[in-house]
Amino acid sequence: MERENLLGREGSLYLRQHKDNPVHWRPWGEEALKEAARHNKPILLSIGYSACHWCHVMAHECFEDEEVAALMNAHFVNIKVDREERGDIDQIYMAALTAMGEQGGWPLTMFLTPDAKPFWGGTYFPKHSKYGRPGFMDVLSAVSRAWMNDREKLINASANLHDHVQKSLSPEGGTENTEPAVLLKSFAERLNGMSDDEHGGLKGAPKFPNAPFLYVQWMDWLENGNSNSRANVLRTWHMLLHGGIYDHVGGGMARYSTDALWLVPHFEKMLYDNAYLIDFLTHCHTATGKEFYKTRLEETVDWLIRDMRAEAGGFAASLDADSVGGEGSYYTWSTKQVEDALGPDVGEFETYFSLISPGNWEGDPILVRKPGSPDDDSLARMREALRTLRERRPSPGRDDKVIVDWNGVAIAAIARASRMLRRDDWLQAAANAYDAIRAHGTSGRLPHVILPNGKQQTGLSSDHAAMIRAALSLHSATGRHRYLEDAKHFENALRAHHLDESGKGYYLQAADQDDVPMRIRGDADEAVLSATAQIILALSELAAVTSDEKLQEGVEIVAQEALRRSHAQAYGRAGIIFAAYMAQIQYRLLTPAHDRTMGEAAASLPDIRRIDVTLAVGQRAYAGGNRLEIQDGTALLCQPTRCLAPIHGTRELEHQLKEIGRIT
């Protein structure tokens, strides 16, 4: 075995953060797996990501420690994985951990047989026992003894666990009711019962802005008129955007709050969270007309474009929670720092903000927004002054890897927001990110990750689905045909490399990806919509835009099979339910290409259920087996099996869209 750390050869920031550890780390791949098999040594698998606070803590306490490293090197083949680079590997072993009855999280620490089957694991371990957790030194010794003395027992247990994980991540279909309308309504009712009626989100702590849940609730409002669902979504974003989880100085939000009030976050900022934030703020502003949501939307998109554009093009994956001074020190404020930043305007500070230090927070106070404070010129001046001072501080590390599916979600959200607010600069930024990613594809096939050193990882089904939606959003915003052609190419690649043997579903990994312990579906939501949900949404939109009835029939079959497979999941199926319902009711708005006023009216009233297409007068489209023809001054609003009566003129179009979108 090579007695050295091999991570210095890698492009991932997270892996390179561990390149100087005394641990003989290997990156995940065929060579590391062959090494474990050759020496018949168990694998110690450590999974994390660059912005993860507790990953840094465990690295400092354990992986930088010579004594810990000596035990690891003597008894294990040590493999380090960036969960953002290899989300498929992370899903497999996180499922194994939860199957053991353990709570998931990162860092994920798993022990595997030499053939990569899991037999035991956990998350964060300190070097010596504390916080009620066993010490890593003790864990390493115990696992090593068990491998020496009870190897056959561990191998049998690992085979059973491996089979269980395989079945849970690629399950057979069930027999329960798969009617999307019924499932959507009942799921939304359950979520409403779990929702925090005072602070938004789900009851209790920690608090995450769970995008799949919120999409289900918003769809329930739009389709069923459930005012409780609407209230829960708006309350979640209203309260979150006043709390410490939102960056009131720079824009954008952190991943989650440790408390039930959205006050104390773990300060890492993730691209996917903020992509969903942009999407929801677009629809919250449309639904309410409140400037509060519009202003937070502008702040967040501006932050993303200003601070998160990666060197390789596209948007960077994350900003670290930690910087010089400790976790969150870049974002927190002492009274003196506020006074230094604002000078004579400091007297106005308390009109807009509070500095809080909850009992579980040890750093400088956290900035929160006072409810009811106005969005005016004074606030803008204060934000700019605070940001100018903050930019002199050592900034958090940025992970410049470009994750294609996260970027696809962000590009689509920015393109939709740019249409609503007529922000050509945002649209150009979205198009630039899209083009940078597209340039790394071959024949429509996309990578999953583009690293700063140029290295790429094989694309997942979620990457192609997200980029189909990004292409179609840009097509709606610009009318340029090349985006539609790209979407078709991405769909061809998705079908060629990910479609299952039955033709009724998709695998997360490509058929030719040969360094995986198993192929999985990608049915379960995480912080993002599941790969399967994203596929259904993408194919539904593509079928609508192209009038492809065969594709529409196919996506409805995919949705039904996904619902059958997901029946055993308690809450990880929200995305599939939302997407399956969307497949049945997807709206397509057809307007004359030359009629700018109609196009602008539609753009100002976005709807999560609708995709907009412009056609030349006389150009044909199809819906429900019927041929349609665009007429001057007339718009058509269609669903998969029907079209509403022709809409004449901009005023009538606005009225119809407001009525369907429940906008008063």
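**Close-up 1. Surroundings of Phe 136 in the predicted model**. Leaving aside neighbours within four places in sequence, Phe 136 is in contact with Leu 44, Met 58, Cys 62, Phe 63, Val 68, Met 72, Thr 109, Phe 111, Phe 125, Pro 126 and Lys 127. Phe 136 belongs to the largest nonpolar core, which has 166 residues, and together with Trp 237 touches the most other members. Helix H16 (residues 404-421) contributes the largest share of this core, namely 11 residues. A second core, separate from this one, has 30 residues, among them Ile 47, Ile 79, Leu 108 and Met 518.

**Close-up 2. The two sides of helix H2 (residues 30-39)**. The buried residues of H2 are Ala 32, Leu 33, Glu 35 and Ala 36, and because they cover an arc of only 155° around the axis, they lie on the same side of the helix. What covers these buried residues includes strand S1 (25-27), strand S2 (43-48) and strand S3 (77-82), whereas Glu 31, Ala 37 and Arg 38, on the other side of H2, are exposed. The residue that follows H2 is Asn 40, whose phi is positive, near 50°.

**Close-up 3. The second largest pocket and its lining**. About 720 Å³ of space lies in this pocket, which is lined by 30 residues, with Arg 419, Leu 427, Ser 476, Ala 477 and Thr 478 nearest its centre. The elements that give two or more residues to the lining include H16, helix H17 (424-438), helix H18 (461-478) and strand S18 (587-592). By residue class, the lining divides into 10 nonpolar, 10 polar and 10 charged residues.

Note on methods:
Residues are numbered from 1 along each chain as its sequence is written. This is a predicted model: local features need pLDDT of at least 70, side-chain atom pairs count only at pLDDT 80 or more; totals for chains, interfaces and linings use all residues. Side-chain values use heavy atoms; hydrogens and water are left out. Buried means under 20% relative accessible area, exposed over 50%, partly exposed in between (1.4 Å probe, protein chains only). Helices (H or I, at least four residues) and strands (E, at least two) are DSSP runs, numbered from the N terminus. The arc is that of the directions from the helix axis to the C-beta atoms. Contact means heavy atoms within 4.5 Å. A nonpolar core is a set of buried Ala, Val, Leu, Ile, Met, Phe, Trp, Tyr and Cys residues joined through side-chain atoms within 4.5 Å. On a 1 Å grid over the protein atoms alone, a cavity is a set of points where a 1.4 Å probe fits but cannot get out, and a pocket is an open set with protein on both sides within 12 Å along at least five of seven lines; lining residues have an atom within 4 Å of a point. Grid points are joined across faces, edges and corners, and a volume is the space filled by probe spheres set on the points. Ala, Val, Leu, Ile, Met, Phe, Trp, Tyr, Cys and Pro count as nonpolar, Asp, Glu, Lys and Arg as charged, and the others, Gly among them, as polar.
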